[in-house]
Amino acid sequence: MFYYLGGLLKNCWGPGRLLQSYTVLIVLALYTGFFLTRTLLPKCYALLPSDRGREFSLTKEAAKGKPTGAGVVFITIFTLLSILFVPLDLLQVGTIVLTWAMMLTGFLDDRSVSGWGEYRKGLLDLIISLAMALLLADRLRLDSPDGKLSFWFPFITHSVNVPVWLYIIITTIMLWMSVNTTNCTDGVDGLSASLVLLALITMAIIFYIIFGHVDISNYLLVPHLQGGASWAVMTFCLAGVLMGYLWHNAYPSSVLMGDAGSRALGFYTGVCVMMTGNPFMFLATSSIVFVNGGMGLLKVALKRFFHITIFGSIRFPLHDHFRKNHGWSPTQVLVKFMIIQILITVVLLGIFFKIR
């Protein structure tokens, strides 16, 4: 909205043109998201449900009784600010709507007395992920110069064309996995939000500097994303509201994001990964989330459906293993996991973008 307002104002008021600067919009979206969330979130504590304590979590007793479901606040703020600051196209509108829908399913679970079952939540995650996959396939195919969908990979110079049906399957799996691994990582104050924040800032910078810039994307042999700058504004906006939430969730936390936050954040992160055109970008931005939460999901699935036991001596999520078996404090888990993620991000981005 502000972008188009700047177009109207610049002819009669010179400084109005700044509202059409993506750099200015990024700053406005980031800071507005942070200060609004930091200010408004505590005022909503009385309206939020109380945490029931996550089963098998080492911190379930400490978390029990705290306001949870804060995702309903900061994801709603993100939605409203995106409308104000981002020059939205149809794909971005659909992303915001489905991110909010994913948040809503999580919030309804947060406020449920007994909690929703795993299969019910998994099915809803699958439906929303499939809807997003269909939207991505349709819009990206229309925007493609040759009308085809493709992925780019390290060690390969040219992009690889992908059939529509295969793209939809890969994207649905990626989004579902991102939602659930992020949800599983939410168990230590500040951990999940901090790791997602690193991923969001990394992808926002990539959208703005690499994919949104014709010359740089051509030089690095990656597809140019015409709306890369607007994706950067939207992603920085989410980073801003997440910072506002972390202000109150830092150890010891006074509020929890709940499924309302973790599922929406995982979903949006997955969408950003698919927008880069390289599904393996998830490893560069969120490998700790994948290992921490994903290996636990794999362990449970193999044991439940195939009676196969793996990682018998390792407790999942992995942050519980280090707290129980190695005596790490919540702060040590947070700082060390973030350091490892930064090290992984730097080396994998170097490989992905330079070894082509």
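A charge sits over a ring if NZ of Lys or CZ of Arg is within 6 Å of the ring centre and within 35 degrees of the ring normal. With that in mind, select lysine 336 and tryptophan 328: the lysine lies over the face of the tryptophan, at 4.3 Å from the ring centre.

Before moving on, a word about what is on your screen. This is a predicted model, in which local features need pLDDT of at least 70 and side-chain atom pairs count only at pLDDT 80 or more, while totals for chains, interfaces and linings use all residues. Residues are numbered from 1 along each chain as its sequence is written, and side-chain values use heavy atoms, with hydrogens and water left out.

**Stop 1: aromatic rings**

Next, select phenylalanine 207 and phenylalanine 211. Both belong to helix α8 (residues 191–211), where they sit four residues apart, about one turn of the helix. Helices here are DSSP runs (H or I, at least four residues), as are strands (E, at least two), and they are numbered from the N terminus.

The structure holds 15 aromatic pairs. Rings of Phe, Tyr and Trp (its six-membered ring) pair if their centres lie within 6.5 Å; planes under 30 degrees apart count as stacked, over 60 as edge-to-face and the rest as tilted. The rings of phenylalanine 207 and phenylalanine 211 have centres 6.4 Å apart and planes at 55°, so this pair is tilted.

Are these two residues buried or exposed? Phenylalanine 207 counts as buried because its relative accessibility is 0%, and phenylalanine 211 is buried too, at 1%. The cut-offs are under 20% relative accessible area for buried, over 50% for exposed, and partly exposed in between (1.4 Å probe, protein chains only). Now add Trp152, Trp231 and Phe353 to your selection: together with Phe207 and Phe211 they form one aromatic cluster.

**Stop 2: salt bridges**

Side chains of opposite charge can pair when their charged atoms come close. A salt bridge here is a side-chain nitrogen of Lys or Arg within 4 Å of a carboxyl oxygen of Asp or Glu, and by this rule the count comes to five.

Select aspartate 109 and lysine 121 to see one of them, with the closest N and O atoms 3.4 Å apart. Aspartate 109 is in helix α5 (residues 90–111) and lysine 121 in helix α6 (residues 118–143), so the bridge ties together parts that are 12 residues apart in sequence. Both residues of this pair are buried.

Then move to aspartate 259 and arginine 263, whose salt bridge has its closest N and O atoms 3.5 Å apart. Both are found in helix α11 (residues 258–275), four residues apart, about one turn of the helix. Aspartate 259 and arginine 263 are both buried. Add Asp125 to see how Asp109, Lys121, Asp125, Asp259 and Arg263 are linked in a network of salt bridges.

For another salt bridge, choose arginine 139 and aspartate 138, which meet at 3.7 Å, N to O. Arginine 139 is partly exposed, with a relative accessible area of 22%; aspartate 138 is also partly exposed, at 32%.

**Stop 3: a helix pair**

Switch to a cartoon view and colour helix α2 (residues 22–40) and helix α10 (residues 228–249). Their axes come within 7 Å and cross at roughly 25°. That makes α2 roughly parallel to α10. Axes are lines fitted to C-alpha atoms, for helices over the stretch in contact, and angles run from 0 to 180 degrees between N-to-C directions. Angles under 35 degrees count as roughly parallel, over 145 as roughly antiparallel, 65 to 115 as roughly perpendicular and the rest as oblique.

**Stop 4: backbone details in the loops**

Go to the loop between α10 and α11, where you will find proline 252. The peptide bond from tyrosine 251 to proline 252 is cis, with omega near -5°.

Phenylalanine 155 comes next, in the loop between β1 (149–151) and β2 (160–162). Its phi is near 70°, a positive value in a residue other than glycine. At 61% relative accessibility, phenylalanine 155 counts as exposed.

Finish at leucine 221, in the loop between α9 (214–219) and α10. Leucine 221 has a positive phi of about 60° although it is not a glycine, and it is partly exposed, with a relative accessible area of 37%.
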